[in-house]
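This report describes a two-helix contact, a second one for comparison, one chain as a whole and a few single residues. Please keep the sequence and the model in view while reading.

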Amino acid sequence: MTRKSRRLWLVGACALGLGSATTLALAAFRQDIVFFMAPSQLLAAEPAAGRTIRLGGMVVAGSLHEEHAPDGTPIARFAVTDGQKAITVRYAGILPDLFREGQSVVALGSLAADRSFRASEVLAKHDETYMPKDVADALRRSGKWDPRFGPPPSAASWNNMTAAARPATDRPVAADAPGAPAGRS
Amino acid sequence: MLSAILSPELGRFALALSCCLASMQFALPLLGAARRRPGLMRSASGFAAAQLLALVVAFACLVVAAATDDFSVANVAENSAVLKPMLYKITGVWGNHEGSTLLWCLILAACGGAVAAFGRGLPDALRARVIAVLGGTAAGFELFCLFTSDPFDRAWPAPPDGQGMNPLLQDPGLAFHPPILYAGYVGFAVPFAFAVAALLEGRVDAAWGRWVRPWTVAAWSFLSAGIALGSWWSYYVLGWGGYWFWDPVENASLLPWLCGTALLHSAIVVEKREALKIWTVLLAIATFSLSLSGTFLVRSGILNSVHSFANDPARGVFILMLLALVIGGSLALFAWRAPVLAAGGLFAPFSREGSLVLNNVLLCSVAAVVLTGTMYPPFMSLLRGQAISVGAPFFNETAVPLAVPLLAAMAAGPLLPWKRARMRPLLRRLRVPGALAAAVLALGAWGLQGVMPVLAAALGVWVICGAVADIAGRVGWRRDPRTLPRRLRLLPRAALGAALAHAGAGVSVLGLAGMSQASHRIVEARPGDSITVGGDRWVLRGVADVAGPNYDARVATLDVYRGHRLVAVLHPSRRHFPAQDQTTGEVAIHTNLISDLYAVLGDEHPERGTVVLRLHRNPLAPWIWLGALLMALGGALSLSDRRIRVGAPTPARSRSRELRTPALEAAAAE
C-alpha cells in the first residue's frame, strides 16, 4: 500500500459517501419539500392532492366546530383566513393547548378534493403576542397587517375581513374572553 | 444579606472583568508562545483561573437575584415570579436567552480552567496556545453577553411580581437539560482550541491525539446525555407521543454530535497511528463550528424554530459577525497552515484505520444531509423569498439509508487489527452476532410491520452482539473461567467504554425499531367508558380538580387492564397557570421498560360530559434514552482509563501493551 494508492482510496471512499448523500438528498428534495401557503395562495395554486403543505393564517373567530367520528375520534373543523380567502380545515385529533380562535395557527396537511384542507398536524405553539414568522409575512403580503402600524388587528375584526360566511355557533367564542382555552365553554 | 453583596451591579462588573481577563488570556500567552517567553506562556493558567472566578461571581449574582425575587432586574422580572417553586427560580436562570448565554460563557471559562488544571503535562507552548484560543473565544461571547444580552439590565419601575416562566419549562428534566447540553456544546471548544494551537504550532503528533481524545470523549458524553434528555423531555412534556421531530433546534444539536462522533473516532487514529492528522484537525474545527452555529443561529432568528427565544436583530448581526470571525478565522488558518502538517502512517483499506475512515465518511455524510435539510429553508427564503420547510420525511429518507451501512460496519470495526486485516478471522468472530442478527431478521419479518423496523431490529442486535464479541475476544472467554473477572478488570477501560457505547447505540436502535410499532388512539370518552389500544383495555374512572402551587389542575384517572389484570393506574392532567394564562398538558406514563403506556388528557366537553383522551402504547420507548445513557456512560468509563488518569504521554510503552491483548494474539496465531 503506497501513499498514493492510499490517497486514491480515501478520495474514492469520500466521493462515494458524499455522492450517495447528495443523491439521496436530491431525490428527497423532489418530493419532501413542504411549501408554506396562505389560504388565498393555496386556493389559487391548487396543489395536487396528497402533496403536503403548511397552511398558515388566522383562525376565524367562531368557526370552530368539534364533533367525533363513530369510533370516538374527535374531529375539529375550523376556518383559516389570510383576510382574502378562507379555507376550512379538518383535523382529527386534539388541538394544541395554545390553539385559539382569532389567533394565528399553522396546519400541516394537504388539500382534499372538496377544496377543504385535511390537517395531520396543527401547530399553535406561541403565546398571545407572538405570531409565527410565516403567518406574519403572509398577512403583510395580503395587506391586512403592517407591523409598523402596531399589533395585528383584533381577533373579532377577522370575521369581517373574510368573505367566508360565518357559521352559526351556540358557544361563547374564545376570542371574546381572551385566554380562555378553546373548546372549554 | 447575600443579595446585598452579590448585587446585580457586582454581577455586571464581574462579567466585564471576566471579558477583560479573557482578552488578556488570549493576547499574552499567544505573544509569549510566539516570542518563546516562558513567563508570558505560564500566565495563561492564571488568567484562565481568574476569568473563571469572575464568571462564577457573575453567575452567582444572577442566581441570587432570581432566588431573592429581585424584580428590578429585567431578566428576573420577565422570567420569574414570587409563586414559582425555588428549584425553578434557580434553574430558570438559564431558561432564557440572557441567562443561558451567561451559562454558556461560564462553561467555556470552566473548560479553560480545566485545561489549566489538568494540562500540567502538556508542553508549555501548546498549553499556552490552547488556553489562549479558549480565552479569545470566551472574550467574544462575553462581549456579546455584555452588549446585546445583558442579564443584569435593570427594569424601571420594578414590577411587584414577575411575569413567570413558560410553564412548559417548569419541569425537572428541562431544568437540568441546558447545563448538560451546553457542557457538550462548549466542551468541543477544547478540541477546537487544540486544533487551532496545533495549526499555529505546525505540529500534530500522537501526544496531541492523546490529549484531544479525552476532551472530545467528555464533551461527546455530555452532548449525548443532553440530546437524550431533550428528546425525553419532548416525549413526556410535549405530549405528542414522539421523541424526535427533526426541528431545526434538534438538528442543531444533532449536527455537532455527528461530527463529534466522527472526531472521537478519527482522534483514535491520530493517537495510535499518527494518520488522518489534517482531517482530524479539520473535524475538530467543524465540530465546534457546528456547536456554535447550533446554539446561536437559532437565536439570531435565521432558523425559524418553535424553540427559539425572542429575537432581536442587533443580536443576530453581532452573533453572525462573531461566528464568521471564529469559524472563518479558524478555517482560514487551516487553509494556510494545514499543508505544514506531515502525513502519517500507512494502512490498507481493510484494517482498523480503514473502518474508522468508513465511520468518518458515513457520519459526515449523515451530517451533510442533515445540514442541507436544516439550512435549505432559510437559504431559499433568503434567496427566492419562498417560505418552505423540510420535514421529517426528508430526513428519514436521507439519513436512515446512510445510517444502515454505518451500523452494519459498527460491529466489525473494533474487531479489526491495525494496519492490515484479513477476512477469515473477522468472519469467524462475527459468526454468533451474524447468526443472532439473521434470526432477528427472520423473526422481525414475521412479526414487525415495515422494512426499516425489521432491518433496524436486526442491526441493533448485530451491533450489541458485536460489542459483546469484541469484549469476549479481548478477555479470552475460552480460557480459565475462574480468572475471568480478573481478566475483565485488567482490560483497558477505554476498550470497555467503547464496547459499552457501541452496545448503547444498538440499544437505542432497538428502541427506534420498537417505537415504529407504536399504536395510539384519540377518543372522546365518558367516565366509565372502556377503550382498547394495542391489546390493552383502558377504563376512564373520572376527572377531578386538584390545586397545585401555582396552577389548578384537572386530573383524569385511567385504569389499564391486560386481560383481567389491572396493569396500571394513570393520571394524565391539564394544568392551568393563571399567571401566564396558559394551559399545559401533563402526560401520564407507566413504563415496565418493555413498553410504555402513555396517556394525554385533552379538552373537556362538560355539556356532553366527555373528555378527549389520547392513549398510546409505545413498545421499547425507554430503550431509546437508555441506549443514549449507555453511550454517555461508555464515554465516562473510557475517561477513567488509566492512561488518561495518569495522563503522562508515554507513547511507546502503552502502545506495545495495547498490541498484546489476547484478541490480537489470537488473530496473529491464525
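## Helix pairs in chain B

Helix α11 (residues 248-273) of chain B packs against helix α14 (residues 352-383) of chain B at an angle of about 160°, and their axes are 9 Å apart. Axes are lines fitted to C-alpha atoms, for helices over the stretch in contact, and angles run from 0 to 180 degrees between N-to-C directions. Helices (H or I, at least four residues) and strands (E, at least two) are DSSP runs, numbered from the N terminus. α11(B) is therefore roughly antiparallel to α14(B); angles over 145 degrees count as roughly antiparallel, under 35 as roughly parallel, 65 to 115 as roughly perpendicular and the rest as oblique.

This is a predicted model, in which local features need pLDDT of at least 70 and side-chain atom pairs count only at pLDDT 80 or more, while totals for chains, interfaces and linings use all residues. Residues are numbered from 1 along each chain as its sequence is written, chains are lettered from A and ligands numbered from 1 in the order in which they are written, and side-chain values use heavy atoms, with hydrogens and water left out.

The crossing of α11(B) and α14(B) is left-handed, whereas α17(B) passes α18(B) in a right-handed crossing. A crossing is left-handed if the near helix is turned anticlockwise from the far one by less than a right angle, and right-handed if clockwise. On the α11(B) side, the residues that meet α14(B) include B:Leu254, B:Leu258 and B:His265; those of α14(B) include B:Leu356, B:Leu363 and B:Val370. Contact means heavy atoms within 4.5 Å. This contact has 14 nonpolar, seven polar and two charged residues. Ala, Val, Leu, Ile, Met, Phe, Trp, Tyr, Cys and Pro count as nonpolar, Asp, Glu, Lys and Arg as charged, and the others, Gly among them, as polar.

Helix α17 (residues 431-447) of chain B and helix α18 (residues 451-475) of chain B also pack at about 160°, with axes 8 Å apart. These two helices are therefore roughly antiparallel to each other. Among the contact residues are B:Leu436, B:Val440 and B:Gly444 of α17(B), and B:Val454, B:Val461 and B:Trp462 of α18(B). The contact of α17(B) with α18(B) has 14 nonpolar, three polar and no charged residues.

## Chain A

Chain A has four helices and seven strands, in the order α-β-α-β-β-β-β-β-β-α-α from the N terminus. Of its 185 residues, 48% are buried (under 20% relative accessible area; exposed is over 50%, partly exposed in between; 1.4 Å probe, protein chains only). Among contacts between residues at least 6 apart in sequence, 55% join residues at least 24 apart.

## Single residues

| Residue | Place | Relative accessible area |
|---|---|---|
| B:Thr584 | strand β8 (residues 582-586) of chain B | 4%, buried |
| B:Arg493 | helix α20 (residues 493-515) of chain B | 34%, partly exposed |
| A:Arg115 | loop between β6 (104-111) and β7 (117-123) of chain A | 40%, partly exposed |

Leaving aside neighbours within four places in sequence, B:Thr584 is in contact with residues including A:Asp97, B:Pro167 and B:Phe577. B:Arg493 and B:Arg642 are 149 residues apart in sequence and 7.4 Å apart in space, C-alpha to C-alpha. A:Arg115 touches A:Leu43, A:Glu46 and A:Ile87, not counting residues up to four places away in sequence.
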